[in-house]
Each structure stands twice: as C-alpha cells, then as structure tokens.
Amino acid sequence: MRKAPIEHARSETTNMANATRGLRRALLSAALLLPALPAAAPAQDASVHEIRAGSDVVAGEIAAPGGLVRLPIRLVEGSPFSLDVAAAKRGTLRPRVVLLGTDRREDGEASAAMTTVAKGARVLLKDHPPAGTGLHWIEITGAEGTTGAFTLRTKEKAPRGAVLDGSLVPGGDPVEALLPCPGRATATVTVRGTTKGALPPAFASVVGPDGKAADPGIPSATRTGFVLRGARWPLPGVHRLGISSPAGGASSFSAKARWKVERLPRRTLDAAQVIADPVPTALVPGEGAVGETLDFVLAVDFAREGAEVEFRLGASSVKVPASAVDLAPGEASFTLGLGAFLPGTWDVLLRNPDGGEGLLEDAFRAVALPPELLSAEPSSGFDHEVVRLRVLGSRLPAGSTVELRRPGESIAGALVSSSAAEILADLDLRGRTVGTWDVAVVPPGAAALLLPGAFEILHGLTVLSIDPPHDLDGAPVEAAVGGTGFTPGATVRLVHHGEKGDEVIEGASVAVEGDGLLTASFDTAGAPVGSWDVVVTLPGGAAATLPDGFETRGPLADPVNTFSASATADAPPAVAWSGTRDRCLVAWVEEDPKGIILAWYLYAVLLDGEGNVLAGPVRVSDDGGPAAKRCPAAAWDDARGEFLVVWSERRTVTPTQNSQTHPNGKGPVSLFQVMAQRLSDADLTKAGTNVQVSDHTGWTGGGKDTWYLGDFDNLRPSVAHDRKTGLHEIAWMAEFDSSGLYSTDDWNVFQRTFDPLREVAVTPAHEGDPSLAWDPDGERVLRVHNAAPPPKYAGLDLFLGTGSTSFAWLSGNGDYLADPALAVDPASRRALLTWTRVAGDGTRSVEAGLAPLDDLSSVLGKPAALASGGVDLLARPSWNDDLGEVHACWTRVDGKGMAYQMLVRLDASGDEGPAALGGESEISGGSGDEGWGVTAFAPASGETVVVWLSKLTSTGAKSWPGDVFPSGTVRGVDFWFRRVR
C-alpha cells in the first residue's frame, strides 16, 4: 500500500507555537525517528525505571567528587520541556546538567539554553523543544568536583491538539496523517472532506509509534467524513492515521485532533528508584554455527559494571554471567560457546545490576552447519617414515578417525587428539604406494568427509635441481641442490661418465638447509668439459641421482680476431643476435678504401656462435653516393627472422617550412638523416631498399611554426624490437640549429615506429643520447636520454620513460651524464642503466644505477661506479637470461691514451643499487689499443658475446658539451669477438 505522509500542519491556538515547530519536525522526519528507539509504556510505582515529566520530584546526591547521576525521562517532540535542579541549602554542590537526546548524545540546544543562578547552586532550562520522541537522559554532576544533595523538578507542556490538511487521489491508496501525541491521552479525531460534492473520506487504520495497530476508538461516519472518540492513546510519539479514498472521493480533507492528557499523581523519588535502562544497538557477529565458540561485541550505552547478558529464543535461554562480560565505553564483550543453542533467531538482553535492562530483538542467528574440512598438513611424506597429519576443519564430529584413501587402498591413522576444529593422527607410510592420496575424516556412523588429492607419498630421497647448472669460466661453483628427503649428514658429488671411466668431484662445505635443500661448493678446475650427474647420499647409504644435471664448460674461449675492415672503421660497431639461428650481425661504418674525404659506407657481416664469418661483408647503405655515415645500431625481429640496421647518413636537403628564415638556410644543404634497412638473418639479403626515418614528417617547434624532421641533422639512432606490436621503435637526436646562428647546443629527441612520430624531448637546450631496450615483463620499449637542466642548462641529467612519457630520473648536479644505455632484468622487474659521468675538470668515469619497472621515476638505492680507476667511458650493458645477470662492458683509457676492453658482472636485484659479482676483468687481447665494445646475449650457449675494435686512432673534437660518443672520429681496423659468462 502506498502511503503519502501529509506535509503541512497549522497550530490550533496561538499558545501552540512551540508545539507547531515540533509538529513540523515530526511530519518531515517521522519515518527516521520511529525505528530509532521503540517507545514503551513507562514503568509505574514499585519498579520505577524513568521519571514522569511534570509529576515526579527526584531527590539525589553527588556523593563523591566526579560522581554522576543519570536519570532517564521520556519526552515527546512538540511538548516543550523545563527542568530545575537545585542544590540543597547550605550544601557545597554547584550542579552541572547535561540533557542527552534519544541518540544518547548531548542536546546542544538544551545546553545553550540552560541558565545557572543563585551563585551556581541552581540550573534552569525553560520550555526547551526536545528533538525526537522517546527516552532522554538528564546527567547531573558537581562542577569542579563539588558534592552534595540536590532536587530535580521537571515540567512538560503537552499540546492539546493539531489541525492537518491533506489531499486524496480518488480511488487511490489510503494516505497517512501523522499525529504527534503526548501519550497518556484520550484522543478525539475529526476528519472531514473539504471538496464540495465529493464522497467523504473514510477511516482506514491507526498505527502507533511502536509500529503496531492502535485502538482507533469508535469510528463514527459523518456526512462529510468520520470521527474517532474515546480511545486511549498511551504511547507518546507520532501516530499514523490512515484515511481511505473511495471512488469519487474527496480530493482534499482536514484532520483535527484533540487530546485529553491523563494527570499523574505527584511523587517524590530517591535517585536510587530511577533506573537508567541500558540501550543495546548492535551485536557482532550476527550469525554463527551451533557448536562454535565465538567472540562477541555488544554495542550498548549505559551498561554498568556487573551487567549480565542473556540470549533468548522462545522458552530457551543462554546466560553469560557478569564475571564473563568485559565492559568498555560503548560496548560489552564476551566469549560464548554455542553448544546449547538451537537453530533460529535469538534476542539479546543486557541487564544491569540495578535491574535496568535493554533488549535487542532478532540480534543473532544460530545456524546448524554441516562439518567442514579445510586443510591437511603436511601435504606430502616419504615412503620410509611415519608422518603426523594435522587435519583442520570446523564442526568436526567427536570420535572421528582419519585415513588416507586411493582406489583399492587405505591407510588408517592412529588418533593422537581430536576436537571440533583439529584432528591429529599418525600415518605409517612405510612401503606404501607412491602417488596422490585423498585425506578422509570418518565420523562415527556417517559418511566420510574428503579432501581429494590432498596428500602425496614421495620417494624417500630425490634430487630435482642444481643451481647454477654449470660452471663459470672454470671457477669454483657455489651451488644449491634441491630435492626431497635430505637429512643432516648428507653428501653430494658430481659424477662424469667418460671413456676412461667415471670421474668424481666431491662437494665441499655441504650444508643441509632443510629436507628439500642443501648447499655445497665444487672445484671444477681442470675438469673435463661435458655433463655430470648430481648424486646425493644419506648417512644410511640411500642415494638419489639427477642425471646430467650439471655441465662443465671450462674456461672462457680466447678472443678471436674474426675479421678486419678494408680501411678504417668508425667506432663503435653495432651487434644484434638472432635467437633462432644462433648467429649475430655486426654492422659498422667504414671509410672509403680509396681515402676519399667524407666517403663512408655501412657494412654488415654475419658471424656464427664461435665468431666465424658466415656471410658478408655486405654493403647495407645504397650506393647512390659515398656520403659520410656514422652511428650504426641494430635489432633482431624474431617474428620475421630479420635484422633491422639503422644509421645516420648525410643527404642533400632543401629546408621547407613556413617561417621566413630557417636555422639551416633555404638552399640545398648537406644534413645527417636517420636511415634504416632490413636484412635477412639467414644470409643478410636486403628486404627492399634503404628507408629514410627522419623524413618530411612535421611537428610544431618552440613557436607556432611547423618544422620538419629532414630539415635538421639527425644523429645517434637507437633501435629496439617491440615484440608485442611486431614493430621496431627507433629513437634519435636532432640538432635544431647546426649553424649556431639561432641557438647553441639545441638538440631534441624523437622516437617513432614510422608513424606516429613522438616528440620525446623538445626544449631550447641539449636533449640527446637516446638508448632503447625491450622490457619483456611490461611488453614495452623503454628509453633513456639526457638533457640539460634549466635555467642555466649546465650539465646533463638523465630521463627514463616509455612512449611519449619521460621522467626525470637522475641529476648530474652540474656534471654531464653522457651516453646512457639500458638493460632490463625481467626477473627482478628492474632496469639497469649505465652512463659516462664527465666532471667539470674533464674526468670521465662509468657508472650504473637501478630503476624499478613499475616506477620509472625512482632510483633504487644509490648509483655505483663500475670501475676502480682510470678514464672509463662507453658502457654497454645487456641482459644474460641464462645466468640472470646483467653484463656490462666499457672502455678504459690509460695515461698513454691506450684503450682496454673491460667487463663486469652486475646483479640487478639488490635493493641498495647495482652490485658487482666479482671484480672487473680484461677480456680483450691486451694489445693496448682495443675498445669500443658492444654486447649481445647468445641464448644457445647461455653466454654474452662482446664485439670490439682494435688498432684504434682518435681524431677530431667533441660535437656537443659532455659528448662521449661520437667525439670526433674514433677509428679501428680489426674486429674481435669473445664469448663470456
């Protein structure tokens, strides 16, 4: 039934102004007030639980400093309320009074309206309109710790009636008139239609403040409506009068209510006779299973020390004694077993020691749940032992037993202990079938409860793994051996089955870390290359083997002078490894053998895993003209089986743009452009012709003009293959003004596949040295570049990012952080960066740092210097997936200007920054003029390949502040190749 509350009311007399304000509040919020505290008839006479406003005088005492007397009183919204608290004559008490509302919170309006007179010995509140109908509380204390007796008098002005206007929808649902009644009243209600010619409204119902049907009195129909007479409405609060609308009924009506309030006899009470009922509001948890033991928290106001709690369901009762109830402000907590509970919904009652009690109906639901198995531990055992199995569950029946079951077999457990939540049993696994078993709990006289496949019987001793699975350059190996059934005193050895019989390497410093792990060291120096079994032996003689679990590879192979350039090659070269064919491409820029000035070509060769030439050299650049070339870079496309080589090459360009002037002029000019060429990883066959990456694509520069990539020098390309999209990402730096007329050291960084072009870094200062790397964890291409920080643009900082986003990663603090490079560790989800720091005095050193892949703006720990001394530059890192390490190489220049190729193993998983695993070591031939190496990972051998140049010369000046590469021209002749671990 739709109920539409009436929204307007008017006072019957001018003396009802306060009642009218309360009436309006009731009409607007009755739906919220009614559920808050259900009204109950005031207790009378012998058991006094609350004060009757206007008829009771209370004599009380604040016996001790800080004492509190709390007196409950039932007030009606719309009935103005007054109180008078007076201290006893010649007493020292200075009373302080607080009125609490139905929500047990201080009534701020009442506090503001109270006055203190007679030198603080009396507190008055006059005609206060209470908010909400129901039980309020008067709290009396002594100001500043004063004590003494007091007398409390109260008064209430009950409204005599009200007039309500409303409207009806002909033939619609009844509407409700909301009538706030003071209680203890005999009601007369007259309802009449106010629309001429319409059928009169009719009586439907009366619902009291407690939500139950009330006595309507004697409904008498009249010509225009109906009258209710003679009914006693004992409950204070809003009554809902239902008015029905017959077909063709009145479209509007007026309801007039009058009450005759019963006068109660005047009483004088001691404060001890007034009992403040506790008010429970919530119980947590609200549901539990029969047989469980639960920790309860009952939210309750005005609970007193010594209170007890009782659960009720019909005639059933479960009590929690006061000694088991812990009281804290606003709550009572206790622990209770539900063994005596019946399934159903229970009421909860809290009873104070003075007899005051509060009931929370339908507070807890007890359910009868079936027993449940949760887990069993351990999950496995060996076929030579007795295992104690711990089965966890809930509501497990008493007397249950435990078994292991599989088709046609069972293993009965010997019971150790049992409860509703846990069963312990010993299981004899000796000689039983290896494999998976179900765990069964069998209640007496009932079907078994199963945890399918929850237990496995294992062989008593197994060897499953060894890490690392091979030696490192013939050095002693610190290994971790994994398996099952290891016991203290176990030994481990490596066994090689050769033509001359078995050879053995005994493990040293063996330590059993648990039944599944032991550690040991093995000295593999001089051991034959090949496969070795890993054998673990227990003190009793039982042994287990991991066949061919370990491999000796011997010391590193010597460096190989794999091929030489026809003339001199521009350093450094580029390298990319084909993972499917186990071979690598080496690309380099070489001077014309005829010695023609600025005549350079781009070549590439294909090397096998030992450094032997398989194909080439082939000329990658088109032969349209022997223009100057530099800066090769390469990447491998696993989907197409192709290499992509990119480089910078001088091309004749006529700048085109909208401005009247151009930094590089308007006529033909020779500018470096970024070129690209695809080559087969089988024989370096070209796929199509050279493509110019820095083409006629335009972008908006620092002003409003449109600039074009090909109108400027484009250098230092870097390339990475995006395995997610199947495309190559190419980044490079472009010089906005090579003439120096308009801007000095203005380099910008761009990145593209071929479309779209990304303006990665565009400011009026140096931004350059880009380097790209593939992130297999995030399936994205990462980028690092440097840039001069404003406002003075002194030094170079590092920026790390992906796509069009870059984060300021590391400040050079005035130094130049030049020539950065990247390697990604997918295992620890971190990127390792290397760069050359150029200090203000020209000192150069190679450094490394870590960045977490999920926050490219963060520096993890502290950057570290890779080398111990000397002049170090051009660091090139790569990820070795077989070893789970980053390998970095760099060039060292000694005091005589000679260059040496160095290498260090780096751990990219430490939280304090990159850490070197072992010291640096020279991997070059030691001739004194070798360097400018590049690295790649060879997955077939699990090794890192390094390619470098020897017979070096260095000419020319640096190209921009902080420049490390290219710095003029570094040239070499012989190409060297070495595999390292």
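How many bridges pair strand 11 with strand 16, and in which sense do the two run? In this predicted model, strand 11 (residues 175-181) and strand 16 pair in the antiparallel sense, over 7 bridges. One of the contacts is easy to pick out: P180 has V238 of strand 16 as its bridge partner. Strand 16 also pairs with strand 13 (residues 202-207), again in the antiparallel sense, this time over 5 bridges. Here F203 is matched with I243 in strand 16. Strand 16 itself, which covers residues 237-244, is mostly tucked away, with 8 of its 8 residues buried.

Further along the chain comes an open sheet of 4 strands, laid out in the order 28-30-34-33 with antiparallel pairing. Strand 28 (372-377) and strand 33 (414-418) sit at the edges, each pairing on one side only. From one strand to the next, the twist averages 25°. At the strand 33 edge, 4 bridges join that strand to strand 34 (residues 422-428), and the two run antiparallel. Among the residues involved, L415 finds its bridge partner in A425 of strand 34.

Next come the salt bridges, of which the structure holds 39. In one of them, R351 pairs with E310, the closest N and O atoms being 3.4 Å apart. The partners come from distant parts of the chain: R351 belongs to strand 26 (residues 344-351) and E310 to strand 22 (residues 308-313), 41 residues apart. Both R351 and E310 are buried. They also belong to a network of salt bridges that links E308, E310, R312, R351 and E357.

Another pair is D819 and R716, with 3.1 Å between the closest N and O atoms. D819 lies in strand 63 and R716 in strand 55, so this salt bridge ties together parts that are 103 residues apart in sequence. D819 counts as buried because its relative accessibility is 0%, and R716 counts as buried at 5%. The salt bridge between E409 and R406 (3.7 Å, N to O) has a different setting: E409 is partly exposed at 27% relative accessibility, and R406 is partly exposed at 25%.

Finally, there is the largest pocket, with about 1,300 Å³ of space. Its lining is made up of 44 residues, and V575, A634, L772, S878 and T935 lie nearest the centre. Strands that give two or more residues to this lining include strand 45 (560-578), strand 49 (629-637) and strand 72 (930-938). Strand 55 and strand 63 are also among them. By character, the lining residues divide into 33 nonpolar, 6 polar and 5 charged.

Note on methods:
Residues numbered from 1 in each chain as written. Predicted model: local features only at pLDDT ≥ 70, side-chain atom pairs only at ≥ 80, totals over all residues. Heavy atoms only, no water. Pairing = 2+ DSSP bridges. Axes fitted to C-alpha atoms, helices over the stretch in contact; angles between N-to-C directions. Buried < 20%, exposed > 50% of the residue type's maximum accessible area, 1.4 Å probe, protein only. 1 Å grid on protein atoms, 1.4 Å probe; cavity = no way out; pocket = protein on both sides within 12 Å on 5 of 7 lines; lining within 4 Å. Points joined across faces, edges and corners; volume = space filled by probe spheres on them. Nonpolar A, V, L, I, M, F, W, Y, C, P; charged D, E, K, R; others polar. Salt bridge = Lys/Arg side-chain N within 4 Å of Asp/Glu carboxyl O.
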